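Colleague: I would like to understand one part of this model in detail, rather than hear a little about everything. Could you take me through it slowly, starting from the overall layout?

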Amino acid sequence: MHAPGETVNGATNKEWRGMKPPKGRHWRSEPKVLEQLEKEDLIEWSANGVPRRKIYVDERNGKKKQDIWEYKDAQYPTYPTEKNIEMIKSIILTSSNENDLVLDCFCGSGTTLQAAQQLGRRWIGIDQSNEAIKATQKRLSEMEQDLFSVNARYQFLQSV
Ligand SMILES: C[S@@+](CC[C@H](N)C(=O)[O-])C[C@H]1O[C@@H](n2cnc3c(N)ncnc32)[C@H](O)[C@@H]1O
């Protein structure tokens, strides 16, 4: 219920329910707002009397993506530098919308193309290595929907 920094002249440094914010901190809201939260049963009191704001799951969208991501390498790689598909999906989700076109011009084993397909994006894959193209073809043809039977075949052949 409180945050760093002391309010010198303001309501967020005032007493609320017989309590001042701890030294060097201020109430996140002024006491009348805190009181309203309490009335709405939105404050939880710890065993030693510390108030905490209740936040329900549907009130927040979750934690923002942080700068450092931890993903394990693909567990059974089909290509030496294959990336973790969950990491690729995260990049696609945060940087494109459905039906957008995803281009991976160093597609390796086609992880990005698979992720893009699964997320409803269109895609183009390119790689200079025959091994990469083979690995990509294998990966995509093993997907539930055989991509080489429809439009993807055309896009893909252009890159071979
Ligand atoms: C790090 S790998 C990509 C791995 C891929 N993200 C995966 O999950 O499988 C980089 C790829 O770039 C390809 N590559 C490097 N230089 C290239 C170039 N000039 N044109 C096309 N492909 C290239 C390599 O053959 C290699 O397959």
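In what order do the elements of the protein chain run from the N terminus on? After that, please look closely at helix H3.

Modeller: This is a predicted model, in which local features need pLDDT of at least 70 and side-chain atom pairs count only at pLDDT 80 or more, while totals for chains, interfaces and linings use all residues. Residues are numbered from 1 along each chain as its sequence is written.

From the N terminus on, the order is β-β-α-β-β-α-β-α-β-α-α, which gives 5 helices and 6 strands; these are DSSP runs, with at least four residues (H or I) for a helix and at least two (E) for a strand. Of the 160 residues of the protein chain, 21% count as buried, a term that requires 20 or more other C-beta atoms, placed from the backbone, within 10 Å of the residue's own.

Helix H3 covers residues 111-118, and because 6 of its 8 residues are buried, it is largely enclosed by the rest of the structure. Those buried residues are Thr111, Thr112, Leu113, Gln114, Ala115 and Ala116. What covers them includes helix H2 (85-95) and strand S5 (101-104), together with strand S6 (122-125) and helix H4 (130-141). Just after H3, Gly120 takes a positive phi of about 75 degrees.

H3 also takes part in the largest nonpolar core, which has 13 residues; such a core is a set of buried Ala, Val, Leu, Ile, Met, Phe, Trp, Tyr and Cys residues joined through C-beta atoms within 7 Å. Leu113, Ala115 and Ala116 are among the residues with the most contacts inside this core, as are Ile92, Val102, Trp123 and Ala132. The elements that give two or more residues to the core are H2, H3 and H4, and H4 gives the most, with 4 residues. In soluble globular proteins, nonpolar side chains tend to be buried together.

Val102 shows how H3 meets its surroundings: leaving aside neighbours within four places in sequence, Val102 is in contact (C-beta atoms within 7 Å) with Thr112 and Ala116, and also with Ile92, Ser96, Arg121 and Trp123.

The start of H3 leads to the ligand, since Thr111, which is one of the buried residues of the helix, is also among the closest of the 15 residues that surround the ligand, alongside Thr81, Phe106, Gly108 and Ser109; a residue is near the ligand if its C-beta atom lies within 6 Å of it. The shell around the ligand divides into 5 nonpolar, 7 polar and 3 charged residues, where Ala, Val, Leu, Ile, Met, Phe, Trp, Tyr, Cys and Pro count as nonpolar, Asp, Glu, Lys and Arg as charged, and the others as polar.

Key:
Buried ≥ 20, exposed ≤ 12 C-beta atoms within 10 Å, placed from the backbone. Contact = placed C-beta atoms within 7 Å.
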